[in-house]
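Here's a walk through some strands, salt bridges and surface charges, best read with the viewer open. Take it one heading at a time.

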Amino acid sequence: MKNILSVVLTTVMFISMLAVGVFAVEPTYSSQQAKNLVSEISGIDAAKFNADLSYRYDVPSEAWNIHYWDQEITVTAMVDASTGELVSYWYYKNNYPGSEDSNVPNYTRDELKDNALNFIKRYAPDKYDQIDKAPDFQYGFYYYKGGQTNYTYHFKRNIEQLSGINDGIDINQGIDISIDATTGKVSNYYINWTDISKVDIDGLLSEDEALEKMDQIMGTFLVQKDIWREYSPPENKLLYAPAKSAGLYPLPMGINARTGEPVNYTGQTFEMGEREEYKVTNVNKMSSLGKMDEKKAKDFVEEYLKSMGNDPEKFTLNISIKENYNDQNINVYNIFANHGDKDSNINFYSVIEVETGKIISLNYGEGLNQPTFSDADNGIGIEKAVEIAKDYLSKVSLPFENMLVVSGKDYNYTVNFIMYQEGVLYPVNTVNVNVDNEGKVVRFNIKYNDIEKIDTTGIITIEEAEVKLSQYQKLQLSFALPRDQYTGDPVGEPIPVYQLSDINGFGIDAKTGEFVGYGESTLPMPGGKVDPYTGVIGDKNEKILKIFIDIGIMPQPVPEVSENVTVGQAALILTKAFIPNYYSTPEPRTEEGAVETTPEGIALKALMKQGVIKEDVKPSDAVTRAQIALWLSRAAGYGKLVDSDICFILPAKDINDLDKEAKNSIAIVTALEVMDVKDGEFKPYDLLTFSDFCAIVYNAMKNM
């Protein structure tokens with residue numbers, strides 16, 4: 001599913017589910033029928049479901065929202081109240097402590113395509129003949145003992161009405177469907193099938209005209225980001241990124257494909273202000289405070305609250321020390337303060353290094369308790385809203401002075417001030433001012449993090465960056481159903497909207513021009529990328545190797561599967577298979593100050609830190625069967641048994657000369673049928689091919 005479309009539909013669906021309207025027509029498809037349909041799909045007794053009536057998110061029609069939850073599963077669905085059409089369906093296995101539900105895949109992504117198509121043929125027969133049967137495989141994720149492992153596919157809708165129009169533009173319509181890779185059953189189903197039969201598609205902007213308009217509204221920006229490269233410590237990188245990735249908000253969902261006007265998620269015209277550089281003079285310089293104690297921490301927060309016009313005596317204050325902050329081997333003060341009454345709520349949070357008094361981060365927010373919405377159709381205007389926001393800033397103490405101003409109006413006005421120095425955006429540092437339609441400031445937030453200014457010499461031009469980005473970010477034609485912004489009621493026919501495909505989480509390295517990713521993203525790579533399946537086809541463990549590719553466990557590029565596995569390759573597989581959230585924290589520096597940057601080296605260090613590998617090995621070393629047995633046992637949580645004095649019945653005669661831990665681990669993996677013994681021999685010193693190693697790890701994922 002395209003990420004931006006997901007946000008659009010989810011937002012509109014949420015609005016529609018909250019709407020409490022008076023429906024003019026009695027539903028012809030009853031709630032009981034809807035419950036029965038969802039019961040048939042999920043296998044849950046229909047009597048356990050609840051149902052409420054709302055609007056569909058994609059067409060002006062009523063729909064039943066069906067939902068059920070217990071400790072084991074969550075099921076939600078939307079069923080059209082007139083036709084009985086299944087509009088959306090979600091089945092999620094709740095992950096909770098003690099759950100024994102396996103999430104190890106039993107299928108490859110190719111094997112489950114037919115399951116997806118058969119589901120569509122059964123529950124959306126009128127749409128089956130209107131989709132491209134060759135789906136776009138989006139992604140598959142695996143987390144050790146955590147949640148479902150799903151394969152997600154997008155089946156593009158073929159729209160005859162649009163054939164030949166603006167060739168090359170993606171039509172953002174179709175069906176998104178996820179299959180549980182363990183059970184082979186549908187876990188998520190989502191239709192984006194707006195009725196465009198009454199939409200006049202003549203006179204749309206050409207691709208060039210649309211891209212020019214989109215560039216004016218969205219644009220590409222130079223931005224500093226923390227890059228969390230796979231297998232590497234994070235680093236500050238200078239990127240060229242699209243507006244959304246650059247942290248520019250608020251943004252419209254796209255432009256009216258006929259007029260070029262920005263539009264919001266409910267199809268209304270989105271009023272957008274000019275971006276401008278802005279400088280304020282009342283800046284609170286965030287200099288180091290010197291060695292801290294609790295009194296200095298208290299004085300700091302009290303002085304800051306006073307500078308913002310508050311009485312510190314009214315605030316609840318909490319100060320505590322956190323050791324080894326973010327695995328950086330530093331101690332910090334965590335400072336919290338909050339105050340609330342019937343009129344407003346104010347919150348303060350800061351992190352300060354104990355030894356130096358360096359202010360690592362500061363967050364301050366205040367908001368009015370607004371009982372009602374003001375009139376959305378008669379606002380003060382975007383220019384006045386920006387003027388009000390600037391005037392408000394002149395009365396408060398701010399942590400930085402050079403800013404880029406970004407503003408826009410949806411149902412009210414949002415003005416963002418983003419740190420902007422020498423043409424570089426720093427979206428970790430922002431001030432947000434929310435102004436209602438009558439001109440009252442109702443929300444105000446400051447986010448500040450200590451940053452390291454980055455060198456801008458030798459960067460590529462923005463034109464070169466945009467050429468690179470255009471390989472990934474394509475123009476898409478979507479359709480928005482106009483809705484009342486408060487009730488969610490449909491108020492008109494769908495309008496054609498141009499969007500850019502979402503690449504949130506990616507950018508162009510400003511110095512090398514390389515396309516890099518940071519954070520988690522599901523962006524499919526462009527055409528022409530080498531299919532990783534190529535290197536495993538025909539191998540005796542082909543299916544397992546393909547599964548590892550599908551769920552992201554397989555290193556890229558894929559190693560030669562017939563060659564002996566190395567310690568580094570084994571570490572890459574084991575970290576992803578058995579250590580959840582392995583990449584969520586940076587790797588510590590060594591005593592000499594060096595940072596391990598090779599994928600194999602960092603994975604090995606992670607396993608050593610976790611206690612999975614305790615032996616003195618190097619990434620390039622070959623791996624024996626005895627070593628794999630030991631590392632698997634530790635990784636799967638059998639460490640105490642491995643190191644215990646329990647007398648195991650040894651499964652083979654050729655392991656008697658091994659140490660206690662090795663013998664115990666071999667007893668465990670053979671008893672659980674993860675590794676085998678043939679003719680009374682385990683062959684502990686034999687080497688393993690990469691293919692056979694993966695097959696053993698797969699057995700361990702399922703059986704240990």
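## Asp215 and its negative neighbours

Asp215 sits in helix H5, which covers residues 207-217. Keep in mind that this is a predicted model. How covered is Asp215? With 41% relative accessibility, Asp215 counts as partly exposed, because that label applies to values between the buried limit of 20% and the exposed limit of 50%.

Asp215 also belongs to a negative patch on the surface. The other members of the patch are Glu207, Asp208, Glu209 and Glu212.

## Strand E9 and its two partners

Now for strand E9, residues 186-192. Six of the seven residues in E9 are buried, leaving the strand mostly covered.

Which strands pair with E9? One is E4 (residues 86-93), which runs antiparallel to E9 with three bridges between them. If you want a spot to look at, find Trp90, whose bridge partner in E9 is Asn188. Another is E8 (residues 174-180), also antiparallel to E9, this time over six bridges. Here Ile177 has Tyr189 of E9 as its bridge partner.

E8 and E9 make a hairpin, with five residues in between. Check out Gly184 in that turn: its phi is positive, at about 80°.

## E10 and E11

Strand E10 takes in residues 220-227. Seven of its eight residues are buried, so E10 is largely enclosed by the rest of the structure. E10 runs antiparallel to strand E11 (residues 235-242), and eight bridges join the two. To see the pairing up close, look at Ile227, which stands opposite Glu235 in E11.

## Salt bridges between distant parts

Side chains of opposite charge can pair when their charged atoms come close. How many salt bridges does this model have? The count comes to 31.

Take Arg56 and Glu85, which form a salt bridge with their closest N and O atoms 2.9 Å apart. Why does this pair tie separate parts together? Arg56 is in the loop between strand E1 (50-55) and strand E2 (62-69), while Glu85 is in the loop between strand E3 (73-80) and E4, so the bridge connects parts that lie 29 residues apart in sequence. Are these two residues buried or exposed? Arg56 is buried at 4% relative accessible area, and Glu85 counts as buried too, at 14%.

Asp180 and Lys93 are another pair worth a click, with a salt bridge at 3.2 Å from N to O. This one also links distant parts of the chain: Asp180 belongs to strand E8 and Lys93 to strand E4, 87 residues apart. Both Asp180 and Lys93 are buried.

## A shared network

Next up are Asp126 and Lys127, whose side chains meet in a salt bridge, 3.2 Å from N to O. Their cover doesn't match: Asp126 is partly exposed, with a relative accessible area of 47%, whereas Lys127 is buried at 5%. Salt bridges with shared partners join both of them into one network with Arg56, Asp58, Asp80 and Glu85. That brings you back to the Arg56 and Glu85 salt bridge from the previous section.

Note on methods:
Residues numbered from 1 in each chain as written. Predicted model: local features only at pLDDT ≥ 70, side-chain atom pairs only at ≥ 80, totals over all residues. Heavy atoms only, no water. Patch = residues over 30% accessible without salt bridge, like charges linked within 9 Å, V, L, I, M, F, W, Y side chains within 5 Å. Areas by Shrake-Rupley, 256 points an atom, 1.4 Å probe, with all protein chains shown as cover. Salt bridge = Lys/Arg side-chain N within 4 Å of Asp/Glu carboxyl O. Lys, Arg positive; Asp, Glu negative; His and termini not counted. Charge placed at Lys NZ, Arg CZ, Asp CG, Glu CD. Helix = DSSP H or I, 4+ residues; strand = E, 2+ residues; numbered from the N terminus. Buried < 20%, exposed > 50% of the residue type's maximum accessible area, 1.4 Å probe, protein only. Pairing = 2+ DSSP bridges.
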